[in-house]
Amino acid sequence: MGKETGFLEYEREERTYADPQERLTHYKEFTIPHSEGALKKQAARCMNCGIPYCHNGCPVNNIIPDWNHLVYEDDWKNALAVLHSTNNFPEFTGRICPAPCEAACTLNIVDEPVTIKSIECAIVDRGWKEGWVEPQVPEKHTGKSVAVVGSGPAGLACAQQLARAGHAVTVFEKSDRIGGLLRYGIPDFKMEKHLINRRAVQMEAEGVQFRTSAEVGVEVSFQALRDNFDAVVLSGGAEEPRRLDIPGAELSGVRLAMEFLTQQNKRNAGDDEVRAAPRGTLSAKGKHVIVIGGGDTGSDCVGTSNRQGAASVTQLEIMPKPPEKEDKAMTWPHWPLKLRTSSSHEEGAERDWAVLTKRVVGENGDVTGLECVRIEWDGRSFEEVPGSEFTLKADLILLAMGFTGPKRRGLLDRAGVELCERGNVKADTDRYATSEDGVYACGDMRRGQSLVVWAIREGRQCARAVDEALMGVTELPR
């Protein structure tokens, strides 16, 4: 692969960021990509492993050593073909995927994994720049039709694969623009939305039809889909937020992270305040903001709050602070539990762990503080630490505690599909079939809250299952 001694000759060099003071003035992406020469060196570090564990680490099974070799050989066009053979949207994953492939890289044993994510992003960005990404219009049409409900990464991947197989595909999206949480849950400074728009143009040229502002189970009858399409795919995501069940949580200053992030993304898209914030403007400007939840969504709230001009930002996590460095012998090549600091954290925020929230303090209907207590965690349960109570000043509390599963009201109530014990749509990863004949499910609606890269994998696999069910055989890759 590439240069077999490359990992000995070249050190890992990650992409850099624009200065925090500069990037806080806007919502555009601020990652500074590698030069072409630097990318060749990084690709040369791929070390011709006997067993490339990066394959297993990547949910879509990207053929990583192959496209690393092609980049090293300056064969970018073929590198793009190899990349697209397993991943419909590498420009999404190359920006927002946490890169479990790098955690599984053999060189991660010494904390110097190949910069797989950076190389992936560079390949697809180069492909768009050179005009190599073109619609793949099917040579013949099957006469079969499929309705895909939800236009997040799972729905888009499923729709694109089915259209390329020759089926007539219509994607139904309840929001005013396609993309799901890619569009409204991911801040623009992590992924600009023109990336979604140009994929939509490609998919329309391949035959996919998009119907926005069309919520199935509300504006659109689910039975109408059953009557008018040969198959229906449920890919609506896991959108039911975990709620904060403490006194005072009903105050108007306690809001969901997704409402906060969606409003800003709509403003960035050019929407006026009436369209962006139909329930009233939600802004962190001049406020003491507390973000409850230590994951990626919480980090996104931190970055957005700082850009809006928050007076202070504090992020709380109920779990203990992870170690700075994982125990390689215990974890590699699996995803490790360790402390992760995002670019948003670097822009300014206080972080605190092992904190349990007890009560939201309010005055005249406004949030003024948050009462908390420290906890000790033994791996199974926690105990409050006596005498550790403290109160944080707060004007705005954002709930970023994850999602409990798909929303049932509307679509799932009308579909009548069986749910699993976790509240997700019940379907296996072989046929992706639900309890209702001709109805399939994939992505977070089936597996629960997960990563974009897992959604893409499930969308692709579901498309293969649907194609095989409709046609008896399939040539779509799994």
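Let's start with how the chain folds back on itself: of its contacts (heavy atoms within 4.5 Å) with a separation of 6 or more, 68% are between residues 24 or more positions apart. What you're looking at is a predicted model, where local features need pLDDT of at least 70, side-chain atom pairs count only at pLDDT 80 or more, and totals for chains, interfaces and linings use all residues. Residues are numbered from 1 along each chain as its sequence is written, and side-chain values use heavy atoms, with hydrogens and water left out.

Now for the overall build. There are 21 helices and 18 strands in the chain, counted as DSSP runs (H or I, at least four residues, for helices; E, at least two, for strands) and numbered from the N terminus. The C-alpha atoms fit a box of roughly 65 × 60 × 45 Å along the principal axes. Of the 478 residues, 53% are buried, meaning under 20% relative accessible area with a 1.4 Å probe, protein chains only.

On to the inside. Nonpolar side chains tend to be buried together in soluble globular proteins. Here the largest nonpolar core (buried Ala, Val, Leu, Ile, Met, Phe, Trp, Tyr and Cys residues joined through side-chain atoms within 4.5 Å) has 67 residues, and Trp67, Ile123, Val233 and Val466 touch the most other members. Helix 21, residues 452-471, gives this core its largest share, eight residues.

Take Val233 as a way in: beyond its neighbours within four places in sequence, its contacts include Val146, Cys158, Tyr440, Cys462 and Val466. There's also a second, separate core of 19 residues, with Ala147, Phe229, Leu234 and Ala441 among them.

Note on methods: Buried means under 20% relative accessible area, exposed over 50%, partly exposed in between (1.4 Å probe, protein chains only).
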